[in-house]
Amino acid sequence: MKIFIDSANVDEIREAASLGLVDGVTTNPSLVAKSGRDFREVIEEICSLVDGPVSAEVTGLQADEMVAEGMEYAAWADNVIIKVPLTREGLKACKRLSSDGIGVNVTLCFSANQALLAAKAGATYISPFIGRLDDIGHDGMQLISDIVEIYNHYPNLETEVLVASVRHPRHVTEAAKLGADVATIPFPVLDKMLLHPKTDSGLEKFLKDWENAKS
Ligand code: E4P
């Protein structure tokens, strides 16, 4: 499974990239606003830090506006891909951008039928938001299971399932077990994935025994 970082914080992205296992980055307007930086400047910097796709999200609501924004952002760096919302206009924009060879991440997906339509519209990635479904008492992971099952029936659909709105390491484990293509992970969750108290206590004991043997 590919690992993307869900962040517009370049310090976090640089730190995650230094692990050598970051395959891409997703941003959204909230994350960019939180960074307090100019949109173009921050996207260009992120693109210089990672080789993989970096999602830059449009804010227009009409397909023409989304396509114009998408064309502009795609020119900022070779690895920019365009994030559009899963609306009627977003699907139109997805079809037009993908037909022009621009990678598209269709975001704010909350149902299997939405995911099916996005794939038909040529999305490179579909982003189902599992955490936000869990937040309202639904089963986010069931949606991932449904989409993976549906896409597997139609190998000609090339859209990758990008698990979004990840809240904790268990989400990542479950997504991987279901065969999702990508998980976009907030940096604190990535950090938690690599930590285990038994690793720390085991290492401490090994080093203590090593030192004792020498004295
Ligand atoms: C990813 O592309 C989304 O922007 C992100 O995962 C949303 O996560 P949230 O529900 O924690 O805001």
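# Exercises on a barrel structure

β1 and strand β2 (residues 24-26) form a parallel pair that is held by 3 bridges. The exercises below concern a predicted model.

## Exercise 1. The strands of the barrel

Determine which strands pair with β1, and which residues stand opposite one another in these pairs.

Solution.

Step 1. Begin with β2: it pairs with β1 in the parallel sense over 3 bridges. Within this pair, Asp6 stands opposite Thr26 in β2.

Step 2. Turn to β8. Strand β1 (residues 2-6) pairs with β8 over 4 bridges, again in the parallel sense. The bridge partner of Phe4 in β8 is Thr184.

Step 3. Continue from β8 to strand β7 (residues 160-163). Strand β8 (residues 182-185) runs parallel to β7, and 2 bridges join them. Leu162 has Val182 in β8 as its bridge partner.

Step 4. Place these pairs in the whole. The strands form a closed barrel of 8, in the order β1-β2-β3-β4-β5-β6-β7-β8, with parallel pairing. From one strand to the next, the twist averages 30°.

Step 5. Add a helix on the sheet. Helix α8 (residues 140-153) packs there and touches β6 (125-128) and β7, and the direction of α8 makes about 170° with that of β7.

## Exercise 2. Strand β5 and Leu108

State how strand β5 is joined to β4, and decide whether Leu108 is buried, partly exposed or exposed.

Solution.

Step 1. Strand β4 (residues 80-85) and β5 run parallel and are joined by 4 bridges. For Ile82, the bridge partner in β5 is Val104.

Step 2. Consider the cover of the strand: 5 of the 6 residues of β5 are buried, so that β5 is mostly covered.

Step 3. Locate Leu108, which is found in strand β5 (residues 104-109). A residue is buried if 20 or more other C-beta atoms lie within 10 Å of its own. Leu108 has 19 C-beta neighbours inside 10 Å and therefore counts as partly exposed.

Step 4. Note the backbone as well: phi of Leu108 is near 60°, a positive value in a residue other than glycine.

## Exercise 3. The surroundings of the ligand

Identify the residues that surround the ligand, and describe Ser165.

Solution.

Step 1. List the shell. The ligand is surrounded by Asp6, Thr26, Asn28, Thr107, Ser127, Phe129, Gly131, Arg132, Ala164, Ser165 and Thr184.

Step 2. Sort the shell by class: there are 2 nonpolar, 7 polar and 2 charged residues around the ligand.

Step 3. Examine Ser165, which lies in the loop between β7 and α9 (169-177). Its phi is near 60°, a positive value in a residue other than glycine.

Step 4. Apply the cut-off for burial: Ser165 has 22 other C-beta atoms within 10 Å and is therefore buried.

## Exercise 4. A buried alanine

Decide whether Ala123 is buried or exposed, and find its contacts beyond its neighbours in sequence.

Solution.

Step 1. Ala123 is placed in the loop between α6 (112-120) and β6.

Step 2. Count the neighbours: because 30 other C-beta atoms lie within 10 Å, Ala123 is buried.

Step 3. With neighbours within four places in sequence left aside, Ala123 is in contact with Cys94, Ser98, Val104, Val106, Ala118 and Thr159.

Step 4. Consider Ser98 in this list. Ser98 and Ala123 are 25 residues apart along the chain, while their C-alpha atoms are separated by 6.8 Å.

## Exercise 5. Two packed helices

Describe how α1 and α3 are arranged, and name the residues through which they meet.

Solution.

Step 1. Helix α1 (residues 10-18) packs with helix α3 (residues 39-49) at an angle of about 10°, and their axes are 10 Å apart.

Step 2. Angles under 35 degrees count as roughly parallel. The helices α1 and α3 are therefore roughly parallel to each other.

Step 3. In α1, the residues that take part are Val10, Ile13, Arg14 and Ala17, and they meet Val42, Glu45, Ile46 and Leu49 in α3. By class, this contact has 6 nonpolar, no polar and 2 charged residues.

## Exercise 6. The protein as a whole

State how many helices and strands the protein has, and what share of its residues counts as buried.

Solution.

Step 1. The protein has 11 helices and 8 strands.

Step 2. Of its 215 residues, 40% count as buried.

Step 3. The C-alpha atoms fill a box of roughly 75 × 40 × 30 Å along the principal axes.

Notes: Residues numbered from 1 in each chain as written. Predicted model: local features only at pLDDT ≥ 70, side-chain atom pairs only at ≥ 80, totals over all residues. Axes fitted to C-alpha atoms, helices over the stretch in contact; angles between N-to-C directions. Parallel < 35°, antiparallel > 145°, perpendicular 65-115°, else oblique. Contact = placed C-beta atoms within 7 Å. Nonpolar A, V, L, I, M, F, W, Y, C, P; charged D, E, K, R; others polar. Pairing = 2+ DSSP bridges. Near = placed C-beta within 6 Å. Buried ≥ 20, exposed ≤ 12 C-beta atoms within 10 Å, placed from the backbone.
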